[in-house]
Amino acid sequence: MNKKTWTALAVSILLFAGGLFVTLQTRADAIVKGAAASATVPFALGLILTLLGLLGAMVSLLPEQKNTDVRTLTLAAIFAALCYVGFTYLRIDIPVGTEKTAFHLGNVFCVLAALFVGGFWGGMAGAIGMTLADLTTAYVTSAPKTFLLKLGIGLITGLLAHKVFHISHEKARQKLPLPAAVVLSSAGGMAFNIVADPLVGYFYKMYVLGVPQEVATIWAKMGAVTTAINALVAVVVASVLYLALQPALKRSRLLREI
């Protein structure tokens, strides 16, 4: 490993250690019923820093990749903003005991980001955009779980879209039509979320937030319903938007082959 890699790894380890320390110090106050934002926000940020440190360490140990161009970063930033808007303003809350679940359009832009800019940057766009949305709404304590799951959606959607179906390479795509490849890629990412969201949420609420098992079970059941509906909407809308926008973005050279 070169000096740059060692530096990135060291910073990641410091983020992980710092985030873990903050999480452990603030957990007791954050999980108290009716805890104020001044207690829940540091706890959520600590968990997010821990996840970022872990992710950074993993990435720094991967083989060096070619530099990411400005087009990818610009589109990723735009999609992060759209994910934020899709959850913050295009959402219907459903109370479940002391917790909440919601119908929202944030996943649409998370999937769309992965289709356009690839799994890693698409996942990061969804993770950052929707985590910020959690931190600025009543879903503060869900922010760490959101970061992890939205990153997962992006990585799986991007893997299927660009490494399996090659949607940005017409020749490599062979006989599978582009619409079918886009729908299958989107469905794969959202299938992960249908399983992971209620399952991870159940254990996260019980063992991290200290929610009673009965409430966590009810939330998981309601969450499974809303997650499935959100997934169906995300697959349909993201696929339609990608197929509508892809030709124009390709002609304007805003897309790169992945």
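## Two cavities and the helices around them

In helix H3, the buried residues are Thr72, Leu75, Ala76, Phe79, Ala80, Cys83, Gly86, Phe87 and Thr88. Buried here means under 20% relative accessible area, exposed means over 50%, and partly exposed is in between (1.4 Å probe, protein chains only). Helices (H or I, at least four residues) and strands (E, at least two) are DSSP runs, numbered from the N terminus.

A quick word on the model: this is a predicted one, where local features need pLDDT of at least 70, side-chain atom pairs count only at pLDDT 80 or more, and totals for chains, interfaces and linings use all residues. Residues are numbered from 1 along each chain as its sequence is written, and side-chain values use heavy atoms, with hydrogens and water left out.

Now for the helices themselves. The expected span below is 1.5 Å times one less than the number of residues in the helix.

| Helix | Residues | First to last C-alpha | Expected span |
|---|---|---|---|
| H3 | 19 residues | 27 Å | 27 Å |
| H5 | 17 residues | 24 Å | 24 Å |
| H6 | 22 residues | 30 Å | 32 Å |

H5 is mostly covered, with 13 of its 17 residues buried. H6 covers residues 143-164, and it is followed by His166. His166 sits in the loop between H6 and H7. Its phi is near 55°, a positive value in a residue other than glycine. With a relative accessible area of 25%, His166 is partly exposed.

On to the empty space. Rolling a probe the size of a water molecule over the atoms shows where empty space is left. A cavity is a set of points on a 1 Å grid over the protein atoms alone where a 1.4 Å probe fits but cannot get out, and lining residues have an atom within 4 Å of a point. Grid points are joined across faces, edges and corners, and a volume is the space filled by probe spheres set on the points. The structure holds 2 cavities of 30 Å³ or more.

The largest cavity has a volume of about 280 Å³. It is lined by 22 residues, and the closest to its centre are Phe87, Thr101, His104, Lys145 and Asp197. Phe87 is also one of the buried residues of H3. Which elements give two or more residues to this lining? They are strand S2 (99-104), helix H5 (119-135), H6, helix H7 (178-208) and helix H8 (213-251). H8 gives the most, with 5 residues. By class, the lining of the largest cavity has 6 nonpolar, 10 polar and 6 charged residues. For that tally, Ala, Val, Leu, Ile, Met, Phe, Trp, Tyr, Cys and Pro count as nonpolar, Asp, Glu, Lys and Arg as charged, and the others, Gly among them, as polar.

The second largest cavity holds about 40 Å³ of space. Its lining is made of Arg71, Thr72, Leu75, Phe116, Val117, Leu254, Leu255, Arg256 and Ile258. Helix H3 (70-88) and helix H4 (106-117) each supply at least two of these residues, and H3 gives the most, with 3 residues. The class split for the second largest cavity is 6 nonpolar, 1 polar and 2 charged residues.

Leu75 is worth a look here. It belongs to helix H3 and counts as buried because its relative accessible area is 13%. Not counting residues up to four places away in sequence, Leu75 touches Val117, Leu254 and Leu255 (contact means heavy atoms within 4.5 Å). These three also appear in the lining of the second largest cavity. Leu75 and Ala238 are 163 residues apart in sequence, and 15 Å apart C-alpha to C-alpha.

Two threonines round things off. Thr157 lies in helix H6 and is buried, at 0% relative accessibility. A polar atom of its side chain lies 2.8 Å from the backbone oxygen of Ile153. A polar contact is a pair of N or O atoms within 3.5 Å; within protein, one must be able to donate a hydrogen and the other to accept it, and residues adjacent in sequence count only if both atoms are side-chain atoms. Leaving aside neighbours within four places in sequence, Thr157 is in contact with Val111, Ala114, Leu115, Ser185, Ser186 and Gly189.

Thr226 is found in helix H8. Why does Thr226 count as buried? Because its relative accessibility is 2%. The side chain of Thr226 reaches the backbone oxygen of Gly223 at 3.1 Å. Not counting residues up to four places away in sequence, Thr226 touches Ile94, Thr101, Ala102 and Phe103.

How values were computed:
1 Å grid on protein atoms, 1.4 Å probe; cavity = no way out; pocket = protein on both sides within 12 Å on 5 of 7 lines; lining within 4 Å.
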